[in-house]
Structure formats: structure tokens, C-alpha cells
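Q: I am new to this structure and would like to learn how to read its features one by one. Could you walk me through them?

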Amino acid sequence: MLDHTLAAPALSKRTVVLGARGFVGSHVVRRLQESGGEVRAIGSDSIDLLAADAADKLATIVRPEDTLVFVSAIAPCRDAAQMTKNMTMVAAVIEALGKSPVAHLVNVSSDAVYADDANPVSETSCASPSSPHGAMHLAREVLLKTGVKGCPIAVVRPSLIYGAADPHNGYGPNRFRRQAEKGETIKVFGEGEEQRDHVFIDDVSLLIELVITHRSKGVLDIATGKSTSFRQVAEMCVEIAGKGDVQGTPRQNPITHRHFDPTARLKAFPDFICTPLAEGLRRAATAP
Amino acid sequence: MTGLTVGYAGMTHLGLNSAVAGAERGFDIVCFDPDVRVIEDLNRGDLPVVEPDLPELFTKNRARLTFSAEASSLAACDVVYVAPDVPTDDRGGSDLSGLTSLIDSAAGQLRADAVLVILSQVPPGFTRGHVRPALTLYYQVETLIFGRAIERALHPERTIVGCADPAEPLPESYRRFLEAFGCPALPVRYESAELCKISINCCLVASISVANTLAELCEGIGAVWSEIVPALKLDRRIGPHAYLAPGLGIAGGNLERDLSTVLRLAEQIGSDSSVPRAWIHNSRYRKDWVLRTLHETVLRVTQDPLVAVLGLAYKENTHSTKNSPSFALIESLPPCRLQVFDPVVPTDSAPHPYPIGVATAQAVCEGADVLAIMTPWPEFRDLDPGEIAKSMTGRTVVDPYAILDGASCRAAGLSYHTLGVTDA
């Protein structure tokens, strides 16, 4: 659940985005700049959070009035080595904020922290990750919560994000869209029955902006509340592209679904309206 | 007429309704409350609570009812019930200080042969903690239902009596009073009686949770929960009076208090509390059904909507808004115009910056983009879907309790949404 610490929303004096070169980070930077906010975008090229001097470097940059958006991660986190690196990164952030506190911290986590069968997922669902990626994010959440003192902390947990600039080509909307645009056959697992909640990158960046402007604290899932089967997503991509087709494959794994209860978001940001999946896919397809 | 005088200390919902029921059974009743204004109002006939039949029985039995702000008035009584409503906080915790104070006041005035009965709901261990020398103390389980308080007080199914020693016969005065209600008395030890009340409420919550869980499935698969309920009620293991109507979670404060008590006790002794936790989770989830439906159907597609809300009370036939689903909905709406009607609760109590009050249930529909019927007041059943459709600007009616007939609403061109039915 999310609580707003500002009675009236206002842009942070300055927002520092850690992980500004990534898919989510770059959209957040652009969104805030379009809203007229001052943004300090930091990528791994300027501060390597794995380096020994990372905390000192970050501490010299952040100011007491800043909001810090922490989105840097080695993701997806698949093994112990990557877990260690992600812990090193969060340790640097905690050390930096100990030396140089900020007004607000926004930690971009993941819905992978939840138990696989937590349907419908809400912010109060059991956080019991089954993957190293989820365990990494949950560990970072806990470390930030206990290690960073004196400022409100918001944790956002996005579901599956899609958008034109996503560098990943994993199973889902981004790959399906690219395959359809090439006129290829989209092969779904089984008949693509699994339902997931796919959230458009523009919605993710807007919700993070709302969290910043309300100086919110607590936890917020970023999901639409409407889950769609992979087959439906694939068929939408084919329809939008006007080419390609969808084909089932022999099922290797049991069917699982994930649904979200969006009530907390409806209450926190009642004016916010999610982009419908078909529209988001269309916008992703026509993005420059 | 009966030769017995019975006292009630604490003139809020429980005490007043129980006192009037006692008078209706033919006993002389002394009503004590330390608040002089409460007693003045009652002496004038101004009743602080809304309950069916209460005003009529109050008037009918006025000659048997004495009201006093002096605890010494209880000295005339053979049996004294201590029966204030126990306030609860948002977490279901009880504030027992008022009850304790009244027990002390009453106990100090009792005759040596008189009986003191705690009627307010208390956590296990409370009654034994108030045992003292020369005090004959019992705890009696109340089963008050808001909106049916008089009926329940006059016609209890049984009386559960918590005793220091259940093997000892009840004092004659107390026994005679209980017999006037014509139901079995079940003497048990204090702690069993205290937990019995909680057990009853847990059974009710379990039924409500089953109804809510299965009704939501109905909404997704094309089944209709109201078609399933009669079959369940004909099952002997479930029964005709089972709580199987789907709703917007538990409200009113009493059930929440009992669940909170169960969780606290389970934590203390280390017993499993996963089931009551699931009930609480389901209740919170279900409470927001209307909010989710409004967003899905109207709020995400309508600029500056006028939202009409029928009902503010947490349930019909009561003025109580404690944990009211209507209030919870209004608090979570995006900025919008709000038109409200409740037969009892005043418009300006709605948690909205400028609620628009209207004089009738029909008038609330005028110009509305959406109508939400949030309290199942019986008079709302008289609304004509055709007239609603004519008055509204929009077409959407959200009626969780199925106050209106869905088929008639759809025939009138309305988009009708209710619990336990797949949206048409």
C-alpha cells in the first residue's frame, strides 16, 4: 500500500535516476524531463555501482532535496554471481545515502518477489520469490528499508513491461511484435494459454512520476489488473502488423496464470488510467 | 406484574434495545446511564439509535421504563445487566474502559441478593477478572444484530450464560427473568461463554467468506450465485438461515473485533491463525468490488462524472456507518461530483468535500453517470428501473446486493452489475 507524504503533488526539486540508460530508467528520465523537472541521469558509464568508489561518487552528487530513483540492476538475476553483484550495488546506494541523505527514495523492484500462486497479486500478497531474480529484488527492498534512514521509501513492483525500446527479446509482447513485423510465425508454448499482466512502459514511467510528485512511501504494484493469454497477445501483434501467424507447440510445462488486484493503485492514483494492451502494442509498433 | 425489577447500565444500542425487550416481557426496568443528556433525551422519548419496532415498543412499555443518571437507582433491581456498546478501533481492538467503569458503578449499588450480568461483548478472561467477594457475577452472550436488535432481544434461540461454576443452579431471580424469553439457557464457564460468542461470529464470517469467494467465481464463469444458494440452504449441514448472501466484506465492527481477538489469542498461545487471516484478506478484497467495477465501467472513460450513491449506513435499518462500504467507496473515488441519499444517515457525513444531498432515492439518479446502491435499504427495492433509466445521463447501475431486478434493469436499457453474476 502507498501513502502520499505530500498533501499536494509537486515535482521534486531534482530527481536523480540511477540506471538511466536502461529500458525503465531512460523512460523515467524522459518522462520527468517532459514534465519540466530537473533530472540528473546516471548510467553505469558515469557511476559503476560495482566499483569501490561508487558510494563516494554518488554521495557527492545527491543533495538533501533530491528524489533518488534506484533502477540499476543486473537483470534478470539468474545465479549467485549476479546476486552478489546486485547486492554490491544496493550496498553502495545505502552507503551513499548514509553519507548524503535525500528527501525521497524510489526503488524499482519487480513482481517476481511474490509467490508464484499468489493470485490475485496485491501489495499485501506473500513475498516468497521462487527465482533468484525475485529473491534479489526482495533482498534489496529489505536492505534499503532497514539501511536507509530518514526519508520516505517507495517500492514499485512492475509486472511484465513491454515497449518499443525494450532490449530484451524474451517470450512475450516484445518478441511477438518483432516476429510479426518480420512476417514470421510466432510459436507459443502449448496453445499460449498462460495469462499474464502486461504493462506498457509509458504507464510504468508515468506511475513512477506520480510516486515522485506525491513523495509516496510504501509499496505499489505496477500492473493493469487485466491479464491476457500469450496467444491473445500474439494474435494482437499479428493483427497490428498485418502479417505473421501464431502456432502452438507441444506443452513442456504446466499452465500457470498471474492476475493482479489493482485496487491499491486505484486508490493511490484514482485519475490514472492504464493503457489498454491493444493500444500499447499499437503504440509500440509505431514508435520511432 | 412479574415482581422482578431488572436494571440496565449503559444506554447505547445494546442496553436500550435489551431494556425495551425486557419491558415488553413484562418486567419493571431501570435504565441507568451516567450521561445526564442521554437520560434527558430518553425521558423525552428521543431515541439515540434506529431499530425496527424500537419506537413502538418504547412507547407501549413506557410505564415500565425508568431512566436515571444516578447509579443508586440500580439498588432497586434484582438483576442488573451491564450493557454498554464497547467501542472498537480500526484494527478491531476493544476499548473496555467504559464497561469497566459501569461495572464498578453498578456493583457498588447492588443489594446483597442481586445479580450482576455482563452483557457487553468481552474478550475471554474479562469476566473472571472482575470476580470480587460478595458479588454474584454472570456473563451473558448477546447476539444483537444491527437492524434486528429488538427481534433478537425478544426471541433469542438460546441464552448462553457464563458462570463461575456452571454446576451451580442460577439464582432464582435471574432464572425467572431468562425463562420469560422461552428459550433454553446454556450455563457454561465464563471463558467458554466468552469464546462462544466469538465462535458464533467466526461461523458467520466463514459462511460470508464462502459466499464471497464462490460468488466471484460465478462472475467469471457464467454461473449465478443466487441459483446455487437455495440448494445450499436445503442441505441439512448448512441450513436455511446460513449467511450465504455475497456482500462487500464484513463491516459494522463486531465481526472484525472478534477476528482481531482470535488473532491475538492465537498469537499468544501459538495456535494456527491462517484461516481467520484469509477471511480478513478476502473481506478487504471484496470491499473494493464496487470501486473496481466503477473504474472498469465508468470512471476510466468518463470526464467529470456525476456519481450517485444510494445508502451510507453499513447495512439496512441502522444509522451506523462503522466500516461502511459506502464510506470506503466514496473515500477512494477520483475527484468527481457526488450525489447521495440515505434514509437515515445525513448527507454531510459522507467523506467527500461537497456531497450533493437529495430528498428521495429516485432523485439521486437525476443526471447521474452511474448509480451505486451501497446499502440494501428495503425502500430502495421500490425504485422503478424505467424511471432510473429516464433520470440518469449514463447507463451503468452497480447494485452489489441485487436490490433491483437485474432483468428489469437490462430491459430498461441499463447496464446492470451485481455480485455473483457474470456481467451481461
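Q: Let us start with a helix in chain B: which strands does helix α6 of chain B lie across?
A: This is a predicted model, so please read everything here in that light. Helix α6 (residues 172–179) of chain B lies across β1 (5–9), β4 (79–82), β5 (115–118), β6 (136–140), β7 (159–163) and β8 of chain B. Helix α6 of chain B runs at about 70° to β4(B).

Q: What is the strand order of the sheet in chain B?
A: Here is the general idea: strands of a sheet pair through backbone hydrogen bonds, either parallel or antiparallel. In chain B, eight strands form an open sheet in the order β3-β2-β1-β4-β5-β6-β7-β8, and the pairing is mixed. At the edges are β3 (65–68) and β8 (185–189) of chain B, each of which pairs on one side only. Ignoring direction, neighbouring strands of this sheet are turned by 25° against each other on average.

Q: How many bridges join β2 of chain B to β3(B)?
A: Strand β2 (residues 28–32) of chain B is joined to β3(B) by four bridges, and the two run parallel. To find one of these places in the viewer, look for B:Phe32, whose bridge partner in β3(B) is B:Ser68. Another helix is worth finding here: α2 (residues 36–44) of chain B lies across β2 and β3 of chain B, at about 150° to β3(B).

Q: How confident is the predictor, on average, in chain B?
A: The mean pLDDT of chain B is 93, and 99% of its residues reach 70 or more. For the complex, the predictor gives an ipTM of 0.81 and a pTM of 0.83.

Q: Now to chain A. Which strands are at the edges of its seven-stranded sheet?
A: Begin with the order: this open sheet of chain A has seven strands, β1-β11-β6-β5-β4-β2-β3, with mixed pairing. The edge strands are β1 (2–4) and β3 (39–42) of chain A, and each pairs on one side only. From one strand to the next, the twist averages 20°.

Q: Which helix of chain A packs on that sheet, touching β2, β3 and β4?
A: Helix α2 (residues 54–61) of chain A does, touching β2 (14–18), β3 and β4 of chain A. The direction of helix α2 of chain A makes about 165° with that of β3(A). Looking further into the sheet, strand β4 (residues 66–70) of chain A runs parallel to strand β5 (residues 104–108) of chain A, with four bridges joining them. A:Leu68 stands opposite A:Leu105 in β5(A).

Q: Where should I look for unusual backbone geometry?
A: The general idea is that most residues other than glycine have a negative phi, and most peptide bonds are trans. In chain A, a cis peptide bond joins A:Ala75 and A:Pro76, with omega about -10°. A:Pro76 lies in the loop between β4 and α3 (80–99) of chain A. Another cis peptide bond joins A:Asn119 and A:Pro120, with omega about -15°, and A:Pro120 lies in the loop between β5 and α4 (132–147) of chain A. As for phi, A:Arg215 is not a glycine, although its phi is positive at about 40°. You will find A:Arg215 in the loop between α6 (201–213) and β11 (216–222) of chain A.

Q: Why does the salt bridge between A:Lys99 and A:Asp56 tie together separate parts of chain A?
A: The side chains of A:Lys99 and A:Asp56 meet at 2.4 Å, N to O. A:Lys99 lies in helix α3 of chain A and A:Asp56 in helix α2 of chain A, so the pair ties together parts that are 43 residues apart in sequence. Over all chains, the count comes to 34 salt bridges.

Q: How many residues does each chain bring to the contact?
A: Chain A contributes 12 residues, and chain B contributes 12 residues. The two chains bury about 980 Å² between them, with 62% of it on carbon and sulfur atoms. On the chain A side, A:Leu266, A:Lys267 and A:Pro270 supply 42% of the area that chain A buries against chain B, more than any other three residues.

Q: How many salt bridges are found across the interface of chain A and chain B?
A: There are three salt bridges across the interface. B:Glu296 and A:Lys226 meet through their side chains in a salt bridge of 3.5 Å, N to O. Three residue pairs in polar contact are also found across the interface.

How values were computed. Residues are numbered from 1 along each chain as its sequence is written. Chains are lettered from A and ligands numbered from 1 in the order in which they are written. This is a predicted model: local features need pLDDT of at least 70, side-chain atom pairs count only at pLDDT 80 or more; totals for chains, interfaces and linings use all residues. Side-chain values use heavy atoms; hydrogens and water are left out. pLDDT is the predictor's confidence in each residue, from 0 to 100. Two strands pair if DSSP finds at least two bridges between them. Axes are lines fitted to C-alpha atoms, for helices over the stretch in contact, and angles run from 0 to 180 degrees between N-to-C directions. Contact means heavy atoms within 4.5 Å. Buried area is the accessible area (1.4 Å probe) that two parts lose on being put together, summed over both. A salt bridge is a side-chain nitrogen of Lys or Arg within 4 Å of a carboxyl oxygen of Asp or Glu. A polar contact is a pair of N or O atoms within 3.5 Å; within protein, one must be able to donate a hydrogen and the other to accept it, and residues adjacent in sequence count only if both atoms are side-chain atoms.
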